[in-house]
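Subject: Handing over the structure, with notes

Dear colleague,

Please find below the structure that I promised to pass on to you. My notes follow it, and I suggest that you keep the structure open while you read them.

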Amino acid sequence: MSKVFVCDHPLIQHKLTYIRDKNTTTKDFRELVDEVATLMAYEITRDIPLERIEVETPVQKAECKIISGRMLGLIPILRAGLGMVDGILKLLPAAKVGHVGLYRDPETLQPVEYYVKLPTDVQERELIVIDPMLATGGSANAAIDVLKKRNCNQIKLMCLIAAPEGVRAVQEAHPDVDIYVAAVDEYLNDHGYIVPGLGDAGDRLFGTK
């Protein structure tokens, strides 16, 4: 079974409060999501392997550590996932970015795929699927399915807020994919919205309704 990591750093929780606030402007909402994504990137990269190399400081040679292992790839789920990409790239500027376009059918609440564009070497990378909200889990599972069909086998999921139902759905469908969130909320309402949640992340990021 995959693990769920709640990033409970005080800075993340402080900023998340203002992300939830309905009175937060589009500009501030966008900036806060960007900042929280940067902070969460510290947590999701905590287990990246290191290797030792020798460098020469101004004083003498020293044995130091650098990141080794697989290269990283960021896979935002369009469109709301785009709001977190730049924040992560601040820490991981060499990561390549792919895109998976999904929208949720308002009647069935099931994800519908409309766009997929991935790095050519995607199978060689450790991938982070990005979406601010993990509600029913349908979009996350569909995006992970897209990657696994292309022989990607090292995948993590990063979200701001999750519903327990969405967490269970991903764990059942993809027990090998660990989940990183800033909060796990109470439940999903009849419209598939996370409660208390933050509303529609895409609309609040881009000023649409």
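Met71 counts as partly exposed, because its relative accessibility is 40%, and its place is in strand β4, which covers residues 71-78. Leaving aside residues up to four places away in sequence, Met71 touches Asp121, Glu124, Arg125 and Glu126. Arg20 lies elsewhere: Met71 and Arg20 are 51 residues apart in sequence, and their C-alpha atoms are 33 Å apart in space. Please bear in mind throughout that this is a predicted model.

As for the protein as a whole, its secondary structure comes to six helices and 13 strands. The C-alpha atoms fill a box of roughly 65 × 40 × 30 Å along the principal axes. The radius of gyration is 18 Å, which agrees with the value near 17 Å that a compact globule of 209 residues would have. Of the 209 residues, 47% count as buried, and the accessible surface comes to about 11100 Å², with 51% of it belonging to carbon and sulfur atoms. If you take the contacts with a separation of 6 or more, 64% of them are between residues 24 or more positions apart.

Helix α5 (residues 164-173) is a good place to look at burial, since you can follow it residue by residue. Which residues of helix α5 are buried? They are Gly166, Val167, Ala169, Val170 and Gln171, and the buried residues of this helix pack against the strands β1 (4-6), β9 (133-134), β10 (155-162) and β11, as well as against α4 (138-149).

Next come the charges. The protein has 24 positive and 30 negative side chains, and the centres of these two sets lie 3 Å apart. Side chains of opposite charge can pair when their charged atoms come close, and here the count comes to 12 salt bridges.

One of these salt bridges joins Asp185 and Arg20, whose closest N and O atoms are 2.7 Å apart. The pair links distant parts of the chain, 165 residues apart, for Asp185 is in the loop between β11 (178-184) and β12 (187-188), while Arg20 is in helix α1 (residues 10-20). Are the two partners buried or exposed? Asp185 counts as buried, because its relative accessibility is 9%, whereas Arg20, at 24%, counts as partly exposed.

A second salt bridge stays within one helix: the side chains of Glu31 and Lys27 meet with 3.0 Å from N to O. Both residues belong to helix α2 (residues 26-44), and because they are four residues apart, about one helical turn separates them. An α-helix has 3.6 residues a turn, so residues three or four places apart point the same way. Glu31 is partly exposed, with a relative accessible area of 37%, and Lys27 is exposed, with 53%.

A third salt bridge is formed by Arg52 and Glu63, at 3.4 Å from N to O. Arg52 lies in strand β2 (residues 50-56) and Glu63 in strand β3 (residues 61-67), so this pair ties together parts that are 11 residues apart in sequence. Both Arg52 and Glu63 are exposed. Finally, Asp47, Glu126 and Lys156 are joined into one network by salt bridges that share partners, and Glu126 is also among the residues that Met71 touches.

With kind regards

Methods:
Residues are numbered from 1 along each chain as its sequence is written. This is a predicted model: local features need pLDDT of at least 70, side-chain atom pairs count only at pLDDT 80 or more; totals for chains, interfaces and linings use all residues. Side-chain values use heavy atoms; hydrogens and water are left out. Helices (H or I, at least four residues) and strands (E, at least two) are DSSP runs, numbered from the N terminus. The radius of gyration is taken over C-alpha atoms; the globule rule is 2.2 Å times the number of residues to the power 0.38. Buried means under 20% relative accessible area, exposed over 50%, partly exposed in between (1.4 Å probe, protein chains only). Contact means heavy atoms within 4.5 Å. Accessible areas come from the Shrake-Rupley method with a 1.4 Å probe; for residues, only the protein chains shown count as cover. Lys and Arg count as positive and Asp and Glu as negative; His and the chain ends are not counted. The place of a charge is taken as NZ of Lys, CZ of Arg, CG of Asp or CD of Glu. A salt bridge is a side-chain nitrogen of Lys or Arg within 4 Å of a carboxyl oxygen of Asp or Glu.
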